[in-house]
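Welcome! Take a moment to look over the structure below, and then we will walk through a strand with its neighbours and a small enclosed space.

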Amino acid sequence: MDTSLVFKVQRREPELIAPAKATPREVKLLSDIDDQDGLRFQIPVIQFYRYDPALAGRDPVGVIREALAKTLVFYYPFAGRLREGAGRKLMVDCTGEGVLFIEADADVTLAQFGHALQPPFPCWENLLYDVPSSQGVLHTPLLLIQVTRLKCGGFIFALRLNHTMSDAAGLVQFMNAVGEIARGRQEPSVPPVWRRELLNARDPPRVTCIHREYDVVPDTKGTIIPVDDMAHRSFFFGRSELSAIRRLLPPHQNQCSSFDVLTACLWRCRTLALQPDSDEEVRIICIVNARSKFNPPLPEGYYGNVFAFSVAVTTAGKLCENPLGYALELVRKAKADVSEEYMQSLADLMVTRGRPHFTVVRSYLVSDVRRAGFEDVDFGWGKAVYGGPAKGGVGAIPGVASFYIPFRNDKGEEGLVMPVCLPSEAMQRFEKELDSVLNNRLPPTINTISSSNSRQLLLSSL
C-alpha cells in the first residue's frame, strides 16, 4: 500500500441520523461485562469498496444514510446516549437523538491506495473526522459514521463505536443489518436482542475464579507506553511465516492453533523489544469470545460484549530465556480458563471492585478478528476490499493492543496482517527480533542484523 499517499477530503457538516420511525423512550442497563472501565473508549473500523459499473448513478452516501435510519428503528439503543448511575453503572437513555453521520468526497481513487490495503491508512484523520466534543463515553453519540466517495466511484465506510455497546461480533451484526436494508430488505435477517441482564452479576456476587487480568500493578518504573513518538507498523503472516515460527517448537506443540503460536512469538519479541528488567512481571492478554461457552446459549441476535480478557503472567526473564514453547503453554492455558462460570465470576468481580480496567502495566493485548466478518459486510457494492480495525494500539491506553486481521498480500498469499504500535526505538528492535525468528537466526537478540535476502515482513508504516 502507498503510505506516502496524500489527498484532500471535502466534508459536509456532521449531521445526526435518527431512527426513521418513532422508537421506545426508555432506559436500558448495560451488562456488568459491558460497562467495565477497559471498554469505555471509542474503537474505529474502516471498509473500502470498489466501484460497480452496474450501479452507476447509485449514491453510496444516500443509500447508507437511508438504510442507517431504517436500521436504527430495530437497533434504537444506538440512537440514545449513555448515562452513569450509582456504582458506576452504565445505562442507555434511549432518546432517539441519533448517530453522527458525515458525507464526504476525496480526490483519490481506490487504486491509488495500492493493492494490499492494511493499517495504518494514509490521511486516516480525514477518512473518519473526529467531530469536536464527540469523543467522550457519556452523553455523546454512540456511533460516528463517515462515508467518503472516491473519484473512481468506489467509497470508504468508516465507523467509530463506543465499545461498551458491542464487541466485534455485535458490531458486525449491526453493520450487516444496515447492509441488508441498503440492499432492499425491510428488516434485519437476525433480529437484535438486548437482554444485557444475562451477563449481570449474581445476587449476592461471588468471585469464584482467578482474574489476574485485573491485578492492581503500580507502574513504578514508568513502563506504560508513552503516547508521543509512537510508530505504527503492519506485519504480514502467511503460511511460510507461521511455518518458520513452528520450527522453533517441539513436535508435540506443532498442532497448536496459529493464534496460539503467533501470539506466543509476538509476546516474546515485543517483550525483548521493550527491554523490561528480567524480574518484572509481563502479561499477554488474549481476547476470548465466550459466546460458545454458555449453556443454554445466549440468544441469537445478542449484540453486547461477550468476551474475556484472559491473561498469562510470567517474568520477562522467564519469557525471554525459555524456549518459545514455554510462552505457548501459558497462552493456551489462559484461553482454556474461560468458561461460563469464568464469565459469571467476571461480572461479579466488576460489581464488587467498581468496574476496574484490566492491567496495562507491561501488558500486551491481542484480538483475533479474522472470523468476525467485517470484510463480508455488503451495502450493495459487494464485499469490502478491506474491512476491519482501522489501526492498532487503540484503547483507553494507547499502544497496548494488536489485531489479527484477514489479509491477502500483493502476491495473492492468504494470511493475516497485524498492526503494531510501539515507541520508535522499540519498534526497530521488535522488527529485528521478528526478523531473526522468521529467518531462523536463533536465539533472537536485539543486535541481530537483517540480511539482504531475508523474508520481508514490513508491509506499511506511517
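Two strands count as paired if DSSP finds at least two bridges between them. Please keep in mind that this is a predicted model.

**A covered strand and its partners**

Let us begin with strand β9, which spans residues 155–162. Is β9 mostly buried or exposed? It is mostly covered, with 8 of its 8 residues buried. Both faces share in this: F155, F157, L159 and L161 are buried on one side, and I156, A158, R160 and N162 are buried on the other.

Strand β9 has these pairings:

| Strand paired with β9 | Sense | Bridges | Partner of R160 |
|---|---|---|---|
| β4 (residues 42–49) | antiparallel | 8 bridges | P44 |
| β8 (residues 143–149) | antiparallel | 7 bridges | L144 |

R160 of β9 is thus a meeting point, as the bridge partner of P44 and also of L144. Strands β8 and β9 form a hairpin with 5 residues between them. In that turn, G153 has a positive phi of about 100 degrees.

**An enclosed space**

Rolling a probe the size of a water molecule over the atoms shows where empty space is left. This structure holds 1 cavity of 30 Å³ or more, and about 30 Å³ of space lies in the largest cavity.

Which residues line the largest cavity? They are P119, P120, H232, R233, S234, K391, G392, P419 and V420. By type, this lining divides into 4 nonpolar, 3 polar and 2 charged residues. Strands β10 (230–238) and β16 (414–423) each supply at least two of the lining residues, and β10 gives the most, with 3 residues.

How values were computed:
Residues numbered from 1 in each chain as written. Predicted model: local features only at pLDDT ≥ 70, side-chain atom pairs only at ≥ 80, totals over all residues. Heavy atoms only, no water. 1 Å grid on protein atoms, 1.4 Å probe; cavity = no way out; pocket = protein on both sides within 12 Å on 5 of 7 lines; lining within 4 Å. Points joined across faces, edges and corners; volume = space filled by probe spheres on them. Helix = DSSP H or I, 4+ residues; strand = E, 2+ residues; numbered from the N terminus. Nonpolar A, V, L, I, M, F, W, Y, C, P; charged D, E, K, R; others polar. Buried < 20%, exposed > 50% of the residue type's maximum accessible area, 1.4 Å probe, protein only.
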